[in-house]
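Let's take a walk through this structure, beginning where the chains meet and ending with the cysteines.

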Amino acid sequence: MSALPTGDLRVFAQYERDFTEDVDVAVVGSGPGGAVVAKELTDAGKRVALLEEGPPFTPADFELDGALSMARTMREGGLRATRGTVMPTMQAIALGGGSLVNSAICNRAPDFVLDDWCTQFELEHTTRRDLDPHYDAVGKFLGIAPTPENVLGQRNLLFKRGCDALGYASEPTERNVRGCRGSGECFTGCRTRAKQSLDLTYVPAALRGGASVLTSVRVERVVAEGGRVRGVAGRVVAPFTGRPSHRFRVNARAVVLAAGCMATPVILQKSGNLVNRSGQVGENLQFHPGVAMMGVFRDEVTPQFGATQGYQSRHFLRDGFKLETLWAPPAVLAVRLPGYGESLKRRLAMIPHAAIWDAIASCNRSIGRVRARARGLDPNLSWRLHPQDLRILAQALWTLSEIFFAAGADSIVPGVYGIPEEIHSRAEAEVLRTRPLEVSDIVIGGNHAFCTTRMHGDPRRGVVDEYGKCHDVENLWIADTGVFPRCPSVNPMWTGMALAHRTAQALAERL
Amino acid sequence: MLGWVLFAIVVGYGVARVAVGHPRPDRRFARLARGEAAFLAAAAEANFPPGGDIMASGFDAGIPAYVDRLLEVLRPRTRLQMRMLFFLVEHATLFFPAPGRGGFRRFSSLRPEQRVAVLEAWERSRFWQRRFVFASLRAILTLGYFAHTPVLRQLGLAPLAIESPVCEADLLYPRIGALPESIPYTRDDLSEPSDGTPLALDGPLDPRYAEGAP
């Protein structure tokens with residue numbers, strides 16, 4: 001057992017007055033970006049303050065009910081949505097950020113994505129060879145490994161069976177998990193403590209290195225004077241209600257913003273439109289929009305058992321989508337089922353015989369923006385799904401239906417307006433391929449978000465360089481998925497952590 | 001003068017149609033107004049009628065109480081949006097009537113078969129905005145329905161009892177709202193991490209979901 005942390009962790013109940021701290025580096029946000037930066041900088045001997053607006057959650061604080069869990073762990077109660085194309089999207093508010101309530105999927109960005117980033121965004125040091133050492137370091141620390149077979153469960157194995165029958169490549173998902181028992185509770189917090197979320201791993205490691213971890217503090221602005229950043233300032237906020245109380249200021253030689261790609265641009269905009277000579281702060285917002293489908297099997301699937309998203313197929317990445325298995329609190333899954341009254345109850349009763357699989361799409365043509373609201377730090381998100389990207393989602397839906405029937409499903413519930421609510425054969429499912437879809441015909445969810453402070457080799461076209469340093473200010477850095485120049489086509493957490501790992505090393509060298 | 005009297009009558013009638021005459025709920029709610037509770041009870045019963053493949057009805061599930069609890073934990077802006085949704089569906093039938101006699105009434109004052117017809121019209125509307133409103137309402141009702149533990153137990157989907165190992169982080173973080181002094185663990189309490197043994201599906205349920213749980 002390692003030595004216990006010696007750093008300073010503060011929670012809401014401990015704040016009694018306004019306060020000021022002096023450190024080398026203030027890191028804003030304790031999710032996969034910020035926690036990695038904090039740990040690596042403390043390892044390099046820097047004095048670090050890690051600031052997080054949310055509280056730390058213990059297993060006793062986990063809420064098993066889906067909606068109540070989201071209301072406690074997600075910003076805007078989990079009911080955030082984009083304007084333009086209306087699409088729900090989420091951002092966690094907790095120590096450890098999204099890693100507390102995601103399904104721990106870890107993928108390296110594919111070669112063709114990194115090649116595209118380097119070519120299109122004038123990057124010289126973001127190749128596979130450049131990033132692999134950082135992926136490796138993070139992967140080793142978190143124990144990233146393929147999902148073990150004994151906790152896959154029928155829901156995942158049926159997906160494999162369907163893909164195998166059609167000749168589509170698929171594999172157990174690599175995850176930051178040690179000792180998974182297949183509870184399927186990733187989205188409400190892992191009660192088995194198997195998921196190696198950042199609050200259990202990098203944050204304690206940062207504390208062990210002597211970092212100050214301040215929770216329930218909302219950074220409202222970056223303090224800049226004379227062309228340099230001097231620190232950050234904000235308010236202590238109560239958990240869940242967000243009610244502000246004491247003021248604080250953290251003076252720092254450098255600031256790293258890792259508040260997430262929907263919050264970092266808001267902080268910059270609220271700080272006098274800082275580092276925006278390029279005009280790119282808050283622009284280029286991209287998502288991996290997702291669609292899901294339920295398939296019903298004759299035999300019981302017991303879908304509640306098994307790794308939450310234990311299997312995936314990257315077979316269609318170049319076509320623009322990735323396929324995954326899925327489980328979530330039953331109530332959250334049930335809200336996607338069509339109908340009402342008797343028919344709805346009948347479909348809900350099918351869930352024990354059902355598997356739910358989803359697709360996430362690379363929608364590089366669908367662009368939006370993040371703007372600060374007049375009051376508060378919740379972002380105003382506008383985004384529109386491009387018609388060509390809609391075609392990718394339609395193809396993904398058709399492919400999911402193919403896999404379901406190849407796996408032996410009796411029927412599928414596609415959840416698409418204007419086509420039958422239940423489809424009983426692959427031939428019937430042709431309608432998914434042949435009928436032109438409108439954006440409003442399908443239910444999409446905004447998974448992952450990127451690019452709002454993108455990296456670019458040309459300071460006129462990007463906010464940060466490829467190490468995460470802002471082009472306009474020497475000592476302000478960004479380490480969240482906002483720096484991605486384009487969506488990575490796969491789940492972004494590992495790439496975000498690898499880039500953050502590199503950012504920390506670059507920053508440590510300069511301080 | 002007569003014009004003012006007529007105007008006052010019309011306004012009074014309008015206010016009465018919108019705000020007066022809801023039945024008194026059988027319990028007090030922290031957030032829900034009487035009219036909202038009546039609407040939610042009516043919508044829950046139409047969405048989850050008695051009988052069928054799952055025994056519990058929307059009424060049995062106590063959905064208004066669940067929504068009241070949900071409203072309690074939401075931030076004011078989100079809470080307002082949700083309440084506006086309830087108001088919209090409850091009163092839309094004053095302008096776009098339900099089929100049959102007496103269709104120009106609030107949703108909660110319609111007959112059961114009229115409520116079902118209204119829901120059907122919202123769900124099948126060619127205007128996506130109407131479908132979106134319906135889907136949002138149904139989502140809230142469904143969340144409440146599944147929070148009723150007998151529903152999850154009948155489907156075999158109730159969470160199992162899991163004993164969380166005590167790890168390093170448990171020595172660092174108090175429960176939300178508490179002081180670090182309240183952390184009940186010391187180094188001696190640290191336990192072995194999970195060994196990856198799959199959960200037994202016939203194991204005991206989490207106490208919050210077990211038969212007889214409050």
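Contact here means heavy atoms within 4.5 Å. Keep in mind that this is a predicted model. By that contact rule, 80 residues of chain A touch 73 residues of chain B. Put together, the two chains bury about 6,400 Å² between them, and 62% of that is on carbon and sulfur atoms. On the chain A side, the residues that lose the most area to chain B are A:R191, A:Y340 and A:K345, which together make up 13% of what that side buries.

What about charges and polar groups? The rule finds nine salt bridges across the interface of chain A and chain B. One to look up is the pairing of B:E168 with A:R208, whose side chains meet at 2.8 Å, N to O. There are also 29 residue pairs in polar contact across this interface. As for helices, α2 (66-73), α6 (202-208), α8 (330-334) and α9 (341-349) of chain A each supply at least two residues of the side that touches chain B. Of these, α9(A) gives the most, with seven residues. Sort that whole side of chain A by residue type and you get 45 nonpolar, 16 polar and 19 charged.

Now for the cysteines. Over all chains, the structure holds zero disulfides. Take A:C363: its nearest cysteine sulfur belongs to A:C487 and sits 7.1 Å away, while a disulfide needs the two sulfurs within 2.5 Å. A:C363 is buried, at 0% relative accessible area. A:C487 is in no disulfide either, with the sulfur of A:C451 nearest at 6.8 Å. A:C487 is buried too, with a relative accessible area of 3%.

Conventions: Residues numbered from 1 in each chain as written. Chains lettered and ligands numbered in written order. Predicted model: local features only at pLDDT ≥ 70, side-chain atom pairs only at ≥ 80, totals over all residues. Heavy atoms only, no water. Buried area = accessible area lost by both parts, 1.4 Å probe. Salt bridge = Lys/Arg side-chain N within 4 Å of Asp/Glu carboxyl O. Polar contact = N/O pair within 3.5 Å; in protein donor to acceptor, adjacent residues only side chain to side chain. Helix = DSSP H or I, 4+ residues; strand = E, 2+ residues; numbered from the N terminus. Nonpolar A, V, L, I, M, F, W, Y, C, P; charged D, E, K, R; others polar. Buried < 20%, exposed > 50% of the residue type's maximum accessible area, 1.4 Å probe, protein only.
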